Amino acid sequence: MQGTFTGAGVGPGDPELMTLKAVRAVQACDVIAVPVSGAELKEPYYEEGDMREQSRFWLDRCVAYGIAARAVPEAAGKARLFLPMPMIKEKAVLKEIHDRDAAQTAALLDQGKNVVFLTIGDPSVYSTCMYVHKRLKAMGYPTSLIPGIPSFCAAAAVLDIPLVENREELHVIPASYGIEESLSLSGTKVLMKAGRKMPRVKEILLRDGTDARMVENCGMDSQKIYRNAGEIPEEAGYYSLLIVKEKKNSGNGGERA
């Protein structure tokens, strides 16, 4: 019998925000799939038993694994499948890498092993998990997804504000690809993945007098909160997002963003 591949969202950073379903999936699985974003890992690598030094290096730098390990002590005893997920844009190279990741995972599923791929936030929102998931699904393997609390929902809670109210719209925007047109949309805009474009993003927000707030490393020990565009640093951590609220006219019957 084939094993099942499960993409499990572990939430934004605080291990207490990991769902019971995700916890149980990690407890019950045979193998934990660990995404490795750095350039150190060139090929998928499977490991059981004692960890080698390089494995500890990869685990220490995987935020999703760190969250799960704090919430699920049993994670430390699981077999590990390290999958290269480099942060590059070369489509042909990425396809080849993701194909190899899926092939290695499939080999374990053929042995009847259940594999849980840990991903920060929710697996359906800009997750590397889906590159493997969709390939395995197309190959006919059993797959499933466990939702996790998205970072923008957690950030709104940290800021103690609503994301949307009444008829407001919510737009989730990859800010590294240009935001000028997207910022004209009505409702609340969530700007994710700004990265090196943060200086340009901040410039636009200040120019337009936008009501923007940012949470960096939401739920983590290094969490930082910025409550207006002027406070936002031009260099921020990778796990940073902005919540941009639409300005309301004063004569709107008392409704506010």
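In the predicted model, the side chains of Glu203 and Arg200 meet in a salt bridge, with a separation of 3.1 Å from N to O. Both residues lie in helix H7, which spans residues 198–207, and they are three residues apart, about one turn of the helix. Glu203 counts as partly exposed because its relative accessibility is 46%, and Arg200 is likewise partly exposed, with a relative accessible area of 36%. Elsewhere, salt bridges that share partners join Glu43, Glu96 and Arg100 into one network. The count of salt bridges in the model comes to ten.

Within this network, Arg100 forms a salt bridge with Glu96, and the closest N and O atoms are 3.0 Å apart. The two residues are four residues apart in helix H4 (residues 91–110), and therefore they are separated by about one helical turn. Arg100 is partly exposed, with a relative accessible area of 26%, and Glu96 is also partly exposed, at 48%. A further salt bridge is found between Arg135 and Asp99, whose closest N and O atoms are 2.7 Å apart. This pair links distant parts of the chain, since Arg135 is in helix H5 and Asp99 is in helix H4, 36 residues apart. Arg135 counts as buried because its relative accessibility is 17%, under the 20% limit for that class, whereas Asp99 is partly exposed, with a relative accessible area of 30%.

Helix H5 also contains Cys129, which counts as buried because its relative accessibility is 0%. When residues up to four places away in sequence are not counted, Cys129 touches Phe5, Gly7, Phe117, Thr119 and Pro123. The C-alpha atoms of Cys129 and Ala71, which are 58 residues apart along the chain, are separated by 20 Å.

Phe5 and Gly7 belong to strand S1, from which Phe5, Gly7 and Gly9 point one way while Thr6 and Ala8 point the other way. In a regular strand the side chains alternate between the two faces of the sheet. Five of the five residues of S1 (residues 5–9) are buried, and the strand is therefore largely enclosed by the rest of the structure. S1 runs parallel to S5, to which it is joined by five bridges, and Thr6 stands opposite Val116 in S5. S1 also pairs in the parallel sense with strand S6 (residues 143–146), over four bridges, and the bridge partner of Gly7 in S6 is Leu145.

The largest nonpolar core has 25 residues, and those with the most contacts inside it are Met18, Val26, Ile32, Tyr65 and Leu118. The elements that give two or more residues to this core are helix H1 (20–28), strand S2 (31–36), helix H2 (53–60), helix H3 (63–71) and S5. Leaving aside neighbours within four places in sequence, Val26 is in contact with Met18, Ile32, Val72, Ala75, Lys78, Val116 and Leu118. In soluble globular proteins, nonpolar side chains tend to be buried together.

At the surface, Tyr126, Val164, Leu170 and Val172 make a nonpolar patch of about 300 Å². Tyr126 is placed in the loop between strand S5 (115–119) and helix H5 (129–138), and it counts as partly exposed because its relative accessibility is 41%. Arg167 is found in the loop between helix H6 (151–159) and strand S7 (170–174), and this residue is exposed, with a relative accessible area of 78%. Measuring from C-alpha to C-alpha, Arg167 and Gly7 lie 32 Å apart in space and 160 residues apart in sequence.

Definitions and conventions: Residues are numbered from 1 along each chain as its sequence is written. This is a predicted model: local features need pLDDT of at least 70, side-chain atom pairs count only at pLDDT 80 or more; totals for chains, interfaces and linings use all residues. Side-chain values use heavy atoms; hydrogens and water are left out. Patches are made of residues with over 30% relative accessible area and no salt bridge: like charges are joined within 9 Å, nonpolar side chains (Val, Leu, Ile, Met, Phe, Trp, Tyr) within 5 Å. Accessible areas come from the Shrake-Rupley method with a 1.4 Å probe; for residues, only the protein chains shown count as cover. A salt bridge is a side-chain nitrogen of Lys or Arg within 4 Å of a carboxyl oxygen of Asp or Glu. Buried means under 20% relative accessible area, exposed over 50%, partly exposed in between (1.4 Å probe, protein chains only). Contact means heavy atoms within 4.5 Å. Two strands pair if DSSP finds at least two bridges between them. A nonpolar core is a set of buried Ala, Val, Leu, Ile, Met, Phe, Trp, Tyr and Cys residues joined through side-chain atoms within 4.5 Å.
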